[in-house]
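Reader: I've got this one open on my screen and I'd like a close look at a single part: the strands and how they pair up. Could you walk me through that, and say a word about the cysteines while you're at it?

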Amino acid sequence: MKKVMSWILNCPIPYLVFVIIGSVLSLSQITKLKINTAPESMMVEGDPEKVYYEKIKETFGDDKMILIVVNTDDVFREEVLLEVENITSKCYDIDGVSRVVSLTTVNKIKGDEGSLDTAPLLDYVPSDPEELESVRRDALRNPLIVNDTISKDSKTTVINVFLESRPNETGYSQRITAKINTLMEDAKTRLVDAEIYQVGGSILEVTNVEYIIDDMKTVNPIALLVICIVFLVSFRSYVVVILPVVTGMLSILWTFGFMAAMGYEMTTISAIIPPLLLIIGCTEDVHMLSEYGLGIEAGKNKMNAIRSMAYKSGLAIFLTSLTTLLGFLCVSTSSIHMLKEFGICAAVGLAFNFVITITVIPNLLKVFAVPKRFSEKLEPSHSHNFIDKIENLVTHIIINHRLLVLMSVSAAIIVAMIGCYKIKIDTNFIGFFKESAPIRQAYTQIHKQMSGAMAFSIIVETDTENQIITPEILNDIASLQKFVNPFVDKTSSIADYIQLMNKEMNEGQDEFHKIPESKEAISQYLLMLDSEDVSKLIDYEQKIATISVRHNIAGTTELNMLLDKTRAFAQNSLSPNLKIEFTGETILINNGADAIAKGQVFGLSIALLVIMVMISILFMSVKAGILSIIPNLIPIVFNFGAMGLFGIPLNMATSLVGVIAVGIAVDDTLHFMVRLNKELQKTQDQEAALIQTVRHEIRPIMSTSIGLTLGFLVLMISNMVTSIQFGFLAAIVMISAVISDLFVLPLLLLRVHLLSAWDLMALKINDACIQSSILFKDLRSSELKKVVLLGVIKDFNDSNLIIRQGDNSQDIYLILEGKAEVIIESEEKNEKKLQEFKEGDIFGEISFVTGEPRTANVIASGSVKVLQINKESLGKVKQRFPRIAAKVYDNLSEILARRLKETTRSWANNTAV
């Protein structure tokens with residue numbers, strides 16, 4: 001990664017030209033981006049029930065419809081019925097409308113002296129009051145019409161407009177609703193005292209699109225402004241504000257261009273991508289700029305500070321981007337089209353953000369002057385910045401109140417776990433809108449006045465032709481409707497027609513409102529009905545019947561309960577030869593909600609497993625990988641706990657917060673671990689390294705967390721309930737992530753010495769040193785590097801003192817490069833050179849083993865690089881790499897034996913003399 005950053009810094013023009021070209025190409029594609037809020041995108045791909053639904057539609061026609069509602073003081077007025085007739089007629093002229101059912105198209109079912117009148121309810125619109133009153137009576141006596149096209153109080157009528165399914169026609173719903181809006185506005189000019197509105201799936205889609213566009217114009221800019229203000233207050237530098245905005249906006253532009261080029265569409269869920277890219281992108285930018293600021297504060301000039309920032313941050317940003325990207329790719333494995341596209345586009349967007357960040361940030365910093373805030377050097381006594389105070393507080397708590405942190409976090413987790421058990425899976429399409437939204441109020445109103453605007457079908461299948469019209473089967477259908485009716489607004493089937501006709505043929509007596517006992521009577525009744533009405537209720541072979549269920553059950557949890565009860569009733573009370581199925585858009589979306597729950601568990605498990613494996617490989621420690629998962633799990637637990645405690649359902653939007661929680665938490669976790677790794681290379685004091693890591697990382701972590709928390713909370717002013725819930729939960733995730741990374745992670749890493757794979761690959765030690773050092777005998781190059789990296793490498797100039805005679809230090813030293821001399825001082829302060837050490841030689845081993853004071857000075861002879869190993873470091877080698885430690889201790893024993901032999905020989909020679 002260092003080479004890549006070096007290329008970008010040394011040859012910026014090609015990379016900046018690449019960014020410009022990418023932006024221009026994206027801009028050329030962005031106009032092709034379409035918005036799709038169709039319910040099909042929330043269905044499970046490859047769902048067998050979807051195939052069944054398409055088959056049922058071929059038999060009975062589409063169930064997609066729009067309800068045009070007319071509210072007035074009395075529907076049965078000439079001017080009202082004329083407008084109903086006019087709208088009905090003109091709806092047929094709209095391309096895509098397959099059928100219209102209204103007061104002007106329905107038929108009477110009325111007994112008249114032994115005969116049955118099934119003529120249209122309105123052959124024409126009468127003007128005579130008596131005739132209008134007669135029409136009223138005929139309509140209200142017909143239970144098939146009441147609450148379907150006319151309310152019981154005659155104040156509301158509905159024109160049911162059935163639509164063809166045209167999933168491949170762009171803007172189909174917008175076109176249909178616009179045409180109907182024109183008809184309604186025209187009617188309102190004549191019916192000034194009437195309220196006319198439309199409800200249905202199409203108007204839901206159109207309203208959803210309008211709200212998405214409105215949020216993108218208002219909510220997202222406000223969220224960005226809030227983040228910028230927080231960054232400006234935290235860093236007191238316009239550079240820290242401008243650069244994240246530039247990279248974030250370019251990332252969004254590239255992502256939208258990619259979506260348009262690939263034919264992906266903006267959905268209710270993918271509308272979250274812009275704030276997501278700004279948020280995660282800002283995090284990476286601030287970490288880079290914070291590193292740049294540290295370089296300036298350390299006294300480096302601008303160019304050296306930029307290089308230091310690029311080299312130190314490049315790898316960390318690559319790793320965090322990669323882990324977050326993989327987390328979102330797990331979402332792309334979803335069986336729900338909307339979530340799959342979101343996962344792909346979010347992952348690609350994060351990849352774009354990484355490329356743009358490492359290309360733009362270093363090169364734009366060359367243009368901007370060094371921020372005054374970075375060049376200021378405040379004494380600790382003069383530092384009154386809020387972040388500085390938090391920094392001191394956090395380090396104090398970590399070092400002095402570890403038990404308190406552990407108990408507090410554990411208690412919070414227990415409370416969150418209680419909330420987790422209360423989570424409900426509920427994809428409520430109507431619930432996407434606020435209760436105050438006109439569209440939701442319209443749905444509530446139609447439910448109170450008549451039947452709900454939502455529907456599904458219960459399909460009753462038999463094995464034999466003509467069996468569906470037998471008395472036994474029709475009675476079963478009637479029993480099934482009777483069971484379901486208390487839970488819904490209205491059901492209708494062929495059984496309702498037969499029962500009503502039987503009653504009317506028997507002078508309207510209520511005891512005859514039942515299925516006739518003979519199949520022949522049923523067949524005669526069917527012949528009297530309109531063939532189009534019959535074809536919507538039973539198939540041509542009379543093997544399958546459909547029960548239309550009109551309802552206002554928006555939540556999948558409540559709907560699942562009804563379906564389960566109905567299945568149990570059918571299994572226990574109906575003929576065993578009957579096959580009962582449920583179908584319709586509502587049912588398929590309901591299946592999607594179930595898939596969300598399964599996908600949530602699978603996606604999060606895969607994401608966490610991938611992160612654990614990656615960190616284990618990067619830091620060459622399974623323990624480090626496992627420990628790193630804990631602070632990433634805490635935000636997830638808090639997220640789901642908040643959902644349960646605050647009654648927020650698990651749906652299409654809220655299901656993504658868990659993945660985002662992992663992405664945000666692992667981002668700061670990796671930055672923290674990479675920083676700790678670097679600090680440990682400077683000192684073997686774990687506690688000191690942790691304190692320095694906290695001091696370096698707290699500003700970017702705190703500032704981004706505060707800014708992003710407030711940015712997410714801005715989403716709560718959205719028009720969409722899903723965005724409000726998403727913003728609230730994401731804010732909780734941000735708060736819990738910062739607590740987890742600043743308090744829990746340091747405690748977990750307090751006893752873990754991080755050794756990274758990239759340090760191992762980057763370390764250069766010459767072969768001569770490896771071959772000549774007894775300490776490294778029988779060690780492979782990779783094993784040697786692991787020992788070296790767990791020590792401290794120090795550089796000494798000519799005549800620098802490496803060991804002072806009389807000191808009580810117990811470190812052992814290995815010369816990696818250069819030479820050193822052993823000088824002993826006598827009591828008369830005379831110096832005598834005893835020995836010279838070269839590359840591969842080890843010294844200090846006697847005090848290392850015995851703990852006795854140093855017996856001589858060791859002074860650098862020219863430039864010297866040494867490896868300093870203390871007992872704690874060697875203990876870490878023993879703990880993490882026991883086989884390597886065993887070899888090192890064997891070699892150390894051999895060194896001590898040789899020293900003893902040499903000392904004995906020297907003593908013997910001196911004695912002999």
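**Strands and cysteines**

Author: Let's start with one pair of residues: Val101 has Asn160 of β5 as its bridge partner. Keep in mind that this is a predicted model. That bridge belongs to a longer match, since strand β2 and strand β5 (residues 156–163) pair in the antiparallel sense over four bridges. Now, how enclosed is β2 itself? Of the five residues in this strand (residues 97–101), four are buried, so β2 is largely enclosed by the rest of the structure.

Next, hop along to the open sheet. Four strands make it up, and going across you meet them in the order β8-β9-β7-β10, with antiparallel pairing. At the edges sit β8 (490–492) and β10 (579–583), each of which pairs on one side only. On average, neighbouring strands of this sheet are turned by 20 degrees against each other, if you ignore direction.

Zoom in on the β8 edge. Its partner there is strand β9 (residues 544–551), and the two pair in the antiparallel sense over three bridges. If you want a spot to click on, try Ser492, whose bridge partner in β9 is Ser548.

And the cysteines? You'll find zero disulfides in the structure. Cys228 has a relative accessible area of 13%, so it counts as buried, the cut-off being under 20%. Cys420 comes out at 23% relative accessibility, and that is why this cysteine counts as partly exposed.

Methods
Residues are numbered from 1 along each chain as its sequence is written. This is a predicted model: local features need pLDDT of at least 70, side-chain atom pairs count only at pLDDT 80 or more; totals for chains, interfaces and linings use all residues. Side-chain values use heavy atoms; hydrogens and water are left out. Buried means under 20% relative accessible area, exposed over 50%, partly exposed in between (1.4 Å probe, protein chains only). Two strands pair if DSSP finds at least two bridges between them. A disulfide is a pair of cysteine sulfur atoms within 2.5 Å. Axes are lines fitted to C-alpha atoms, for helices over the stretch in contact, and angles run from 0 to 180 degrees between N-to-C directions.
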